[in-house]
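Load the model in your viewer and keep the selection panel open. The tour moves from one selection to the next.

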Amino acid sequence: MTARIIQKLRVAAVAESTPEVRVYTLEHPRKPLLPDWSAGAHVDLRLPDGRMRQYSLCGEPGPQPRWQIAVKRETVGRGGSAWVHDSLAPGTEVQVSAPRNNFPLAAGAVRHVLVGGGIGVTPLLAMARSLAAQGADFTFHLCARSAALAPLLAELRVVCGERLATWFGDEGRRFDAALIGAPEAGVHLYACGPHRLIEAVRAAAAERGWAEAQQHYEVFQPTLDENFKPEPFELRIASTGEVLLVPADRSALDVLRERGFALPSSCELGVCGSCVCGYRDGIVIHRDSVLPVSARQDRMTLCVSRARVSVTVEL
Ligand code: FES
């Protein structure tokens, strides 16, 4: 687990994509190229009070002179998007982390089905750019209330062409998750968007027998169960054998930091993957929205996940 490098970037341009969504183009004040990234990656923006917010990169993947993020002003959010809209203008600077990819395209897939709703289209646009550049086979289902409120629609039309299917509520065209179809070897499904859309896609995939490994979801809002009753548990440090008690009202991350471990974190909500750590010898109660099922046998998020009785963490 390493801390992510934060660099100060300059806002090169701001463009309105919809009345609620602005696209911010970021560049380094001196360096000609920004770090390499792959489709599906996000960066963290550091707010003035130190909190971090995650935004997917939606421009052309690879080592590029500029990055683009699309930010929707959330009326009931936690204040990050309002700060971005109110404070970032061309010429201002903002602290941005190196990209991290929790939502990569599946290597070796023969076809890709992308389902994006609202601002959830941002990582999928980067995926579509990558797939189109490779000449790969893909379909993009875009769901929004209307064309006027569909972020990045013009870019998606250019990138996807006839592979784009639009589902706009005001036209009476609503996406039916059954459209994902039956699973086939080598076909991968990706969804990002509102909780309702993701749950509909998950349910349709489960009903049709899609394997977990063929499904990929990106969420930026925690889906924590409010009825969950945390219990205390023990954390054993693999390198020293030391045992720490995590009380019911604290996270493993807090307890480890208090003990002197300099651990990275960002969202502290189980959605970004910054605090992921290896573990063994324990049953972990996974409460995050970021780790794929395949990673849950030996990795946990220290900010929200807990253990039954005890667990050994690879620190
Ligand atoms: S800090 Fe984001 S998942 Fe833990």
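Is D288 buried or exposed? Select D288 and turn on a surface. D288 is buried, because its relative accessible area is 7%, and the cut-off for buried is under 20%. Bear in mind throughout that this is a predicted model.

**Stop 1: around D288**

Colour the backbone by secondary structure. D288 sits in the loop that runs between β15 (283–285) and β16 (299–301). Now show its side chain as sticks. The D288 side chain reaches the backbone nitrogen of L291 at 2.7 Å. A second partner is R296: the side chains of D288 and R296 share a polar contact of 3.1 Å.

Next, expand the selection by contact. With neighbours within four places in sequence left aside, D288 touches G270, R296, T301, V304 and S305. Keep G270 and T301 selected for the next stop.

**Stop 2: the cavity**

Which residues line the largest cavity? Select S265, S266, C267, E268, G270, V271, C272, G273, S274, C275, T301 and C303. G270 and T301 are in this lining, and both are also contacts of D288. The structure holds one cavity of 30 Å³ or more. The space in the largest cavity is about 40 Å³. Colour its lining by class: five residues are nonpolar, six are polar and one is charged.

Stay with E268, a member of that lining. E268 belongs to the loop between α5 (252–258) and β14 (276–280). Check its backbone torsions. Phi of E268 is near 55 degrees, a positive value in a residue other than glycine. How open is E268? E268 counts as partly exposed because its relative accessible area is 36%, and that class lies between 20% and 50%.

**Stop 3: the second largest pocket**

Hide the cavity and display pockets. The second largest pocket holds about 790 Å³ of space. Its lining has 32 residues, and those closest to the pocket centre are Y217, V290, L291, P292 and V293. Two elements give two or more residues each to this lining: α4 (195–208) and β11 (215–218). α4 gives the most, with four residues.

L291 is a link back to the first stop: L291 is among the residues closest to the pocket centre, and its backbone nitrogen is reached by the D288 side chain. Colour this lining by class as well. There are 14 nonpolar, eleven polar and seven charged residues.

**Stop 4: E184**

Jump to E184. This residue lies in the loop between β9 (164–168) and β10 (187–192). Its relative accessible area is 45%, so E184 is partly exposed. Select its contacts: outside the neighbours within four places in sequence, they are R111 and Q214. Then draw a C-alpha to C-alpha distance from E184 to G209. The distance is 9.9 Å, across 25 residues of sequence.

**Stop 5: two buried residues**

Select L152. Where is it? L152 is in the loop between β8 (138–144) and α3 (153–160). Phi of L152 is near 65 degrees, another positive value in a residue other than glycine. L152 is buried, because its relative accessible area is 1%.

Now select D44, in strand β3 (residues 42–46). D44 is buried as well, with a relative accessible area of 1%. What does its side chain meet? Show Q54: the side chains of D44 and Q54 make a polar contact of 3.5 Å.

**Stop 6: zoom out**

Clear the selection and view the whole chain. How many helices and strands are there? The protein has five helices and 18 strands. Align the view to the principal axes. The C-alpha atoms fill a box of roughly 60 × 50 × 35 Å.

Does that go with a compact or an extended chain? For 315 residues, a compact globule would have a radius of gyration near 20 Å; the protein has 20 Å, so the value agrees with a compact globule.

Colour by accessibility. Buried residues make up 49% of the 315 residues. Finally, draw a contact map. Among contacts between residues at least 6 apart in sequence, 65% join residues at least 24 apart.

Conventions: Residues numbered from 1 in each chain as written. Predicted model: local features only at pLDDT ≥ 70, side-chain atom pairs only at ≥ 80, totals over all residues. Heavy atoms only, no water. 1 Å grid on protein atoms, 1.4 Å probe; cavity = no way out; pocket = protein on both sides within 12 Å on 5 of 7 lines; lining within 4 Å. Points joined across faces, edges and corners; volume = space filled by probe spheres on them. Nonpolar A, V, L, I, M, F, W, Y, C, P; charged D, E, K, R; others polar. Buried < 20%, exposed > 50% of the residue type's maximum accessible area, 1.4 Å probe, protein only. Polar contact = N/O pair within 3.5 Å; in protein donor to acceptor, adjacent residues only side chain to side chain. Contact = heavy atoms within 4.5 Å. Rg over C-alpha atoms; globule rule 2.2 N^0.38 Å.
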